[in-house]
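Hello,

Please find below the structure I promised to pass on to you, and after it a short account of what was found.

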Amino acid sequence: MELVKVHMTVNGEPVELDVKPYARLLDVLREDLALTGTKEGCGVGECGACTVLVDGENVNSCLVLASSMEGKSIVTVEGISSDESLHPIQQAFLDHHALQCGFCTPGLVMSVKALLDKDPAPSREAIKTAISGNLCRCTGYQQVIEAAEDAARAMRGEE
Amino acid sequence: MLRYDYVRPASVEEACAFLLKTPGRSCPIAGCTDFLVQVREKSARWKDLQYVVDLSALPELSGIRVEDGIVHVGAMTTHSAAEHSPVLAEHAPLLAAACASVGSPQIRNRGTIGGAVANASPASDPMPVLIALEANALVQGPNGQRTIPMSDMIVKPGKTALAPDEIILGFSFPSVAHMRTVFLKLGRRKALSISRMNVSLVVHQDAEGVIDHVALAPGCVFAAPDRARKAEALLLGRRPDAALIDDAAKAVADEMIERTGVRWSTEYKQPVITALVRRALENGTEVAE
């Protein structure tokens with residue numbers, strides 16, 4: 001199999017990689033770039049644990065071929081905050097106890113991020129739709145929805 | 001694990017030429033939301049797969065526009081793009097609604113309408129809508145372009161009318177801005193569910209309330225998605241009332257049984273498709289009191 005050269009931006013940094021032609025974006029993020037914040041759950045697009053942003057849209061990185069990412073900008077959970085600080089969405093997840101085991105959390109955070117980047121004041125219904133592709137077996141979602149609402153307020157500057 | 005090489009053609013011509021050269025060993029790919037699941041499940045469909053041919057970056061396959069009353073939807077249009085398209089909101093709201101009901105936001109952001117059609121799933125959401133819109137697919141092969149009516153696109157579950165070296169460029173259909181349209185879907189849960197059944201309806205009534213155009217396409221009901229011609233014949237030229245809507249809804253269920261026989265699922269599907277069609281007609285028509 002011939003390796004495929006791919007140029008992409010990952011968390012703001014330009015990256016040039018030779019990837020296996022059949023590697024998923026998830027594999028390349030975790031194995032080649034050591035960005036293990038992105039989790040593999042089901043591997044078939046049902047659970048959303050592997051959610052990352054591609055050009056600002058949330059996608060399942062288990063259903064994306066890395067070789068097709070030429071010229072794309074990818075953001076993972078590692079890329080949303082700088083230094084040791086937390087992104088307001090992460091802070092809101094903590095404040096609202098919107099996680100227990102935490103396996104789904106990076107994916108949920110990225111789906112909420114995709115929503116709030118487009119819609120700074122989403123309705124409850126819009127939040128539910130935005131996280132409808134992310135399974136969480138601990139929280140029952142209520143805390144996640146409240147965290148998303150709180151994060152939206154914080155990001156609008158209404159503490 | 002299935003392993004394959006990756007090819008990124010610079011044009012549709014180059015893609016077709018590569019497919020021609022590697023018959024049965026290449027798969028054109030778009031969003032990969034079905035393909036990578038099939039690969040993971042080691043689908044027999046891909047046992048001879050050697051190459052994937054990535055169409056996702058070809059600019060001539062993208063975009064939604066309307067010209068002289070004809071709507072053109074590029075094959076690489078994602079379900080999200082269709083869901084949020086102002087052109088579709090005006091000219092084919094049922095296609096936007098069907099695309100909004102596919103998978104999850106993550107799936108809709110990657111999966112394309114062209115990919116969904118080429119994958120020929122019998123449970124596709126956009127497929128019956130395109131049939132109800134009387135859409136044509138514009139396809140290109142090594143010998144040029146041709147159109148395939150969407151009603152002829154699915155030969156059998158998993159098999160399209162496309163030759164192995166043909167690629168879908170896009171879909172076109174007349175605007176239905178002046179008609180009433182309905183898309184109803186029954187799934188097992190709200191997100192990520194594959195349609196158990198769905199109904200697409202495009203209908204128009206004249207000034208007297210008489211139905212002068214109707215296209216009714218139930219999904220997951222016939223072996224391949226198709227219009228329910230018997231119910232349409234009942235409705236055309238009539239002023240709808242509760243009794244006519246009941247008859248038409250029953251006619252869809254009867255046609256299902258006539259065409260697919262009584263199967264293990266019939267006991268469930270018969271009353272459910274009747275109710276879905278009745279609901280679609282009640283929503284989509286002005287009913288005489």
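In chain B, three strands (DSSP runs of E, at least two residues, numbered from the N terminus) form an open sheet in the order β1-β3-β2 with parallel pairing, where two strands pair if DSSP finds at least two bridges between them. The edges are β1 (5-7) and β2 (26-29) of chain B, each of which pairs on one side only. The model is predicted, so that local features need pLDDT of at least 70 and side-chain atom pairs 80 or more, while totals for chains, interfaces and linings use all residues. Residues are numbered from 1 along each chain, chains are lettered from A and ligands numbered from 1 in the order written, and side-chain values use heavy atoms, without hydrogens and water.

Helix α1 (residues 12-21; a DSSP run of H or I, at least four residues) of chain B packs on this sheet and touches β1, β2 and β3 of chain B, contact meaning heavy atoms within 4.5 Å. Within α1(B), the residues V12(B), A15(B), C16(B), F18(B) and L19(B) are buried, that is, under 20% relative accessible area with a 1.4 Å probe, counting protein chains only. Seen down the axis of α1(B), its buried residues fall within an arc of 160° (taken from the directions from the helix axis to the C-beta atoms), so they line one face of the helix.

Turning to the two chains, the contact takes 28 residues from chain B and 35 residues from chain A. Between them there is one salt bridge (a side-chain nitrogen of Lys or Arg within 4 Å of a carboxyl oxygen of Asp or Glu), and E40(A) forms a salt bridge with R40(B), with the closest N and O atoms 3.3 Å apart.

Best wishes

Note on methods:
Axes are lines fitted to C-alpha atoms, for helices over the stretch in contact, and angles run from 0 to 180 degrees between N-to-C directions. Buried means under 20% relative accessible area, exposed over 50%, partly exposed in between (1.4 Å probe, protein chains only).
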